[in-house]
Amino acid sequence: MRTLDFDLSPLYRSAIGFDRIASLLENLNTSGNQNGYPPYNIELLGENDYRITMAVAGFTDDELDIESRENVLLVKGKKESEKSDNKYLYQGIAERNFERRFQLADHVRITGANLENGLLHIDLVREIPEAMKPRKIKIGQAQMLENDVA
């Protein structure tokens, strides 16, 4: 697979406030290096409600860590190494350590997490601030301020 290297120095020199976009572009290569473990689904539950479901069979809630920082959701699984006398003929259940990153949009926050039947459910909601929501402007007579009256 071809890797792309971007020179973002012109963007930093001439644009202010676009460092988040540059950071996203720089992280494309690192996020592409994630393997397919553990498998996951991303569901749209409502207009602003989402759920990430990860198959983490064999992990307990003490072995999982969920962290949200700077628009990145980081889910880690660290399995305690156990010395087992079991002799497997075939071992298809992967119980290896993992780290999975999800890039979150602005104003998305985690509302909860639940581990049930080997599935980790992480609920998210997008909360748009009132100042950013669309507003209807009523057309009518302009009201003059008292200071503007001559």
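Two residues are in contact when heavy atoms of the two lie within 4.5 Å. In the predicted model described here, 54% of the contacts in the protein chain between residues at least 6 apart in sequence join residues that are at least 24 apart. The protein chain has two helices and seven strands. Read from the N terminus, the order of these elements is α-α-β-β-β-β-β-β-β, with both helices placed ahead of the strands. Of the 150 residues in the protein chain, 19% are buried. The surface that the protein chain exposes amounts to about 12500 Å², and carbon and sulfur atoms supply 50% of this area.

The strands are described sheet by sheet. Four strands form an open sheet in the order β1-β2-β7-β6, and their pairing is antiparallel. At the edges stand β1, residues 40-44, and β6, residues 108-116, each of which pairs on one side only. From one strand to the next, the twist of this sheet averages 20 degrees. Within the sheet, strand β2 (residues 49-55) and strand β7 (residues 119-126) run antiparallel and are joined by seven bridges. Along this pairing, T53 has H121 of β7 standing opposite. Strand β7 is also joined to β6, by eight bridges, and these two strands run antiparallel as well. Here L115 has L120 in β7 as its bridge partner. Strands β6 and β7 form a hairpin with two residues between the strands. In this hairpin, N117 takes a positive phi near 55 degrees.

A further open sheet consists of three strands in the order β3-β4-β5, again with antiparallel pairing. Because β3 and β5 stand at the edges and have a single partner strand each, one side of each is left without a neighbour in the sheet. Neighbouring strands of this sheet are turned against each other by 15 degrees on average, with direction ignored. Six bridges connect strand β4, which covers residues 72-77, to β5, and the two run antiparallel. Among the residues of this pairing, L74 has R101 in β5 as its bridge partner.

The aromatic residues were examined next. A pair of aromatic rings is described by the distance of the centres and the angle of the planes. The structure holds three aromatic pairs. In one of them, the ring centres of Y37 and F98 are 5.9 Å apart and the planes stand at 85 degrees, so this pair is edge-to-face. Y37 lies in the loop between α2 (19-32) and β1, whereas F98 belongs to strand β5 (residues 98-103), so the pair ties together parts that are 61 residues apart in sequence. Y37 counts as buried because its relative accessibility is 11%, under the cut-off of 20%. F98 has a relative accessible area of 7% and is buried too.

F98 also pairs with F59. The centres of these two rings are 5.4 Å apart and the planes are at 85 degrees, so this pair is likewise edge-to-face. F59 is located in the loop between β2 and β3 and F98 in strand β5, so this pair ties together parts that are 39 residues apart in sequence. With a relative accessible area of 6%, F59 is buried. Ring pairs thus link Y37, F59 and F98 into a cluster.

The loop between β2 and β3 (64-69) also contains E63. This residue has a relative accessible area of 13% and is therefore buried, since the cut-off lies at 20%. The side chain of E63 makes a polar contact with the side chain of K79, at 3.1 Å. When residues up to four places away in sequence are not counted, E63 touches G58, K76, G77, K78, K79 and E80. K79 is thus one of the residues that E63 touches, as well as the partner of E63 in the polar contact between side chains.

Note on methods
Residues are numbered from 1 along each chain as its sequence is written. This is a predicted model: local features need pLDDT of at least 70, side-chain atom pairs count only at pLDDT 80 or more; totals for chains, interfaces and linings use all residues. Side-chain values use heavy atoms; hydrogens and water are left out. Two strands pair if DSSP finds at least two bridges between them. Axes are lines fitted to C-alpha atoms, for helices over the stretch in contact, and angles run from 0 to 180 degrees between N-to-C directions. Buried means under 20% relative accessible area, exposed over 50%, partly exposed in between (1.4 Å probe, protein chains only). A polar contact is a pair of N or O atoms within 3.5 Å; within protein, one must be able to donate a hydrogen and the other to accept it, and residues adjacent in sequence count only if both atoms are side-chain atoms. Accessible areas come from the Shrake-Rupley method with a 1.4 Å probe; for residues, only the protein chains shown count as cover. Rings of Phe, Tyr and Trp (its six-membered ring) pair if their centres lie within 6.5 Å; planes under 30 degrees apart count as stacked, over 60 as edge-to-face and the rest as tilted.
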